[in-house]
Amino acid sequence: EQLLYPAAYGETISIGAVDENSFRADFSSTGPNLDFVAPGVRIYSTVPKSGYAFLSGTSMAAPFAVGVAALVLSHERTIDKNKKLTADDYRRIFKEKTMDVKNLDVVWDQKGKRFFQGLGIIQPDQFNEWVEVKKVEEIEAKMRRLIEDIKSVKDIAKLEEIRGKAELIQKVFLESIDPAKS
């Protein structure tokens, strides 16, 4: 099935679907303007009347991609709080963190890889750089506050309370750098 509009517009990011084995779903749209694929087969989702069901479709894959896009934007805004990303920015960032679909066959050679999988399967587990940066930034901010608290302490009991907090922050910091030390 060829990619339809509005997904075919250049300013959108078109998403096809793959299953849990990274195989392209047989219902997934294809075409030279397909951007990426994401999980879209047997996705546990909400249905009317407060229910849940396993659903399949690119309508299940698109929210997956939007969720990753939201995390990317959130990370970018930790660096620049007014940052705005374009569809091309997301394409560039997503492309760095993709893998190939597994079940492309001889037709791939005839039509080209992008026709069936876009630029690849979005891999959110590869977007880990902001998690580590955020941990370090949070710990650094807590340490700065503790240092300010220590400078202003006149009461020895208060100093002991702050020392306990500092030891806890140090422990969390060391565990984030080397989980084996936990």
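Helices are taken here as DSSP runs of H or I at least four residues long, numbered from the N terminus. In this predicted model, helix 2 comprises residues 87-95, and D88 and R91, being 3 residues apart in that helix, are therefore separated by about one helical turn. In general, an α-helix has 3.6 residues a turn, so residues three or four places apart point the same way. D88 and R91 form a salt bridge, in which the closest N and O atoms are 2.7 Å apart. The two partners nevertheless fall into opposite classes of accessibility, because D88, at 53% relative accessibility, counts as exposed, whereas R91, at 12%, counts as buried. Salt bridges that share partners join D35, D88 and R91 into one network.

The other pair in this network is formed by D35 and R91, with a distance of 3.0 Å between the closest N and O atoms. This salt bridge links distant parts of the chain, since D35 is located in the loop between strand 1 (15-18) and strand 2, while R91 belongs to helix 2, the two residues being 56 residues apart. Both D35 and R91 are buried. With a salt bridge defined by a side-chain nitrogen of Lys or Arg within 4 Å of a carboxyl oxygen of Asp or Glu, the count comes to 2 salt bridges.

R91 is one of the buried residues of helix 2, a set that also contains A87, Y90, I93 and F94. The elements that cover these buried residues include strand 2 (36-39), helix 1 (58-79), strand 5 (98-99) and strand 6 (121-122). As regards helix 1, the contact with helix 2 involves A65, V68, A69, V72, L73 and E76 on the side of helix 1, which meet Y90, I93 and F94 in helix 2. The axes of helix 1 and helix 2 come within 11 Å and cross at roughly 100 degrees. Angles of 65 to 115 degrees count as roughly perpendicular, and helix 1 and helix 2 are therefore roughly perpendicular to each other.

A further feature concerns the surface, where Y44, Y52 and F54 form a nonpolar patch whose members together have about 400 Å² of accessible area. Within this patch, Y44 lies in strand 3, which spans residues 43-47. Because its relative accessibility is 54%, Y44 counts as exposed, the cut-off for that class being over 50%. Y90, in contrast, is listed among the buried residues of helix 2, and Y90 also takes part in the contact with helix 1.

Technical notes. Residues numbered from 1 in each chain as written. Predicted model: local features only at pLDDT ≥ 70, side-chain atom pairs only at ≥ 80, totals over all residues. Heavy atoms only, no water. Patch = residues over 30% accessible without salt bridge, like charges linked within 9 Å, V, L, I, M, F, W, Y side chains within 5 Å. Areas by Shrake-Rupley, 256 points an atom, 1.4 Å probe, with all protein chains shown as cover. Buried < 20%, exposed > 50% of the residue type's maximum accessible area, 1.4 Å probe, protein only. Contact = heavy atoms within 4.5 Å. Axes fitted to C-alpha atoms, helices over the stretch in contact; angles between N-to-C directions. Parallel < 35°, antiparallel > 145°, perpendicular 65-115°, else oblique.
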